[in-house]
Amino acid sequence: MTASDDTAPPDSPRSLDQILVSLASLDDRVAALDERARHREAVIDRLHAENRELRAGQDRTLFDPVVTDLVHLHDQLAREAHGLRERGQTRLADLLAGFADDTLLSLERLGVEPVDADVGDPFRADLHRPLATVDHPDPARDGTVAEVAAPGFRDTVTGRIRRRVHARFFRHVGPVSPEGAATPGKGS
């Protein structure tokens, strides 16, 4: 009687070689399955991140009209508070200024922060919206912020300027000549 490969005794060399080959084959298959699983997990993670990003963008787009209205409300409240303060109605001015601050808090919750400028800051087209010029004899002041009329606003997630700072800028004018005409200057 001749023993076939399938019926070889378990401790025979032929049987051990077959087991080792089978185990190596199983190792290769498990490694391939593991690699596929890792790839699948990476794809799932990437898709999940993209989905979150799309939803966040969709939510931000949904709130764009609200952000615009809150910016306008802030400007109006701040303007009225300033006018009341100039007329001596400080109590009402303080109340409206508090409401303007509340709109800033609401904007911050929506991911929008105020951006301000200081007097003397140089003009930046990406940040400033010039409203008017203010004549000034100092040439070093030419093209710098003279007065901020309204703050700008920046998206905290993207860093994109949603509205530029509204400001008036200094313009250099030379001294007046004896004939009454201004001496030509850099801003004339």
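Begin by selecting His166, a residue of strand 6, which spans residues 165–172. The model on the screen is a predicted one.

**First stop: His166**

Is His166 buried or exposed? Its relative accessibility is 14%, and because the limit for a buried residue is under 20%, His166 counts as buried. Display its surroundings next. Apart from neighbours within four places in sequence, the contacts of His166 are Arg129, Leu131, Glu147, Val148, Ala149 and Ala150.

**Second stop: Ala167**

Move along to Ala167, also placed in strand 6. Ala167 has a relative accessibility of 0% and therefore counts as buried. Which residues does Ala167 touch, not counting those up to four places away in sequence? They are Arg129, Pro130, Leu131, Ala132, Val145, Glu147, Val148 and Ala149. For a distance to display in the viewer, choose the C-alpha atoms of Ala167 and Leu131: they are separated by 5.7 Å, although the two residues are 36 apart along the chain.

**Third stop: the aromatic pair**

Continue within strand 6 to Phe169. The structure holds one aromatic pair. Its rings belong to Phe123 and Phe169; their centres are 5.3 Å apart and their planes stand at 85 degrees, so the pair is edge-to-face. The cut-off behind that label is an angle of over 60 degrees.

Where do the two partners lie? Phe123 is in the loop between strand 1 (112–115) and strand 2 (128–136), whereas Phe169 is in strand 6, so the pair ties together parts that are 46 residues apart in sequence. Colour the two rings by accessibility. Phe169, at 5% relative accessibility, counts as buried, while Phe123, at 39%, counts as partly exposed.

**Fourth stop: Gly120**

Stay in the loop between strand 1 and strand 2 and select Gly120. Gly120 has a relative accessible area of 30% and is partly exposed. The C-alpha atom of Gly120 is separated by 8.8 Å from that of Phe169, and the two residues are 49 apart along the chain. When residues up to four places away in sequence are not counted, Gly120 touches Arg141, Thr144 and Val145.

**Fifth stop: Gly174**

Now follow the chain into the segment after strand 6, where Gly174 is found. Gly174 has 12% relative accessibility and counts as buried. Show the C-alpha atoms of Gly174 and His136: the separation is 8.3 Å, for residues 38 apart along the chain.

**Sixth stop: the largest pocket**

Turn on the surface and find the largest pocket, which has a volume of about 290 Å³. It is lined by 14 residues, and those closest to its centre are Ala78, Arg79, Val148, Ala149 and Ala150. Select these five to centre the view.

Which elements give two or more residues to this lining? They are helix 2 (64–86), strand 3 (145–150) and strand 6. Helix 2 supplies the largest share, with five residues. Colour the lining of the largest pocket by class to see six nonpolar, three polar and five charged residues. Val148, Ala149 and Ala150, at the centre of this pocket, were also seen among the contacts of His166.

**Seventh stop: the enclosed space**

Rolling a probe the size of a water molecule over the atoms shows where empty space is left. How many cavities of 30 Å³ or more are there? The count comes to one. About 50 Å³ of space lies in the largest cavity. To locate it, select the lining residues Arg60, Phe63, Asp64, Val67, Leu110, Val112, Asp155 and Arg162. By class, this lining has four nonpolar and four charged residues, with no polar ones.

**Last stop: the whole chain**

Finally, zoom out and display the chain as a cartoon. It contains three helices and six strands, and their order along the sequence is α-α-α-β-β-β-β-β-β. Colour by burial next: of the 188 residues in the chain, 23% are buried. A contact map may then be opened beside the model. Among contacts between residues at least 6 apart in sequence, 59% join residues at least 24 apart. With the surface shown once more, the chain exposes about 13,400 Å², of which carbon and sulfur atoms supply 56%.

Technical notes
Residues numbered from 1 in each chain as written. Predicted model: local features only at pLDDT ≥ 70, side-chain atom pairs only at ≥ 80, totals over all residues. Heavy atoms only, no water. Helix = DSSP H or I, 4+ residues; strand = E, 2+ residues; numbered from the N terminus. Buried < 20%, exposed > 50% of the residue type's maximum accessible area, 1.4 Å probe, protein only. Contact = heavy atoms within 4.5 Å. Areas by Shrake-Rupley, 256 points an atom, 1.4 Å probe, with all protein chains shown as cover. Phe/Tyr/Trp six-rings, centres within 6.5 Å; stacked < 30°, edge-to-face > 60°. 1 Å grid on protein atoms, 1.4 Å probe; cavity = no way out; pocket = protein on both sides within 12 Å on 5 of 7 lines; lining within 4 Å. Points joined across faces, edges and corners; volume = space filled by probe spheres on them. Nonpolar A, V, L, I, M, F, W, Y, C, P; charged D, E, K, R; others polar.
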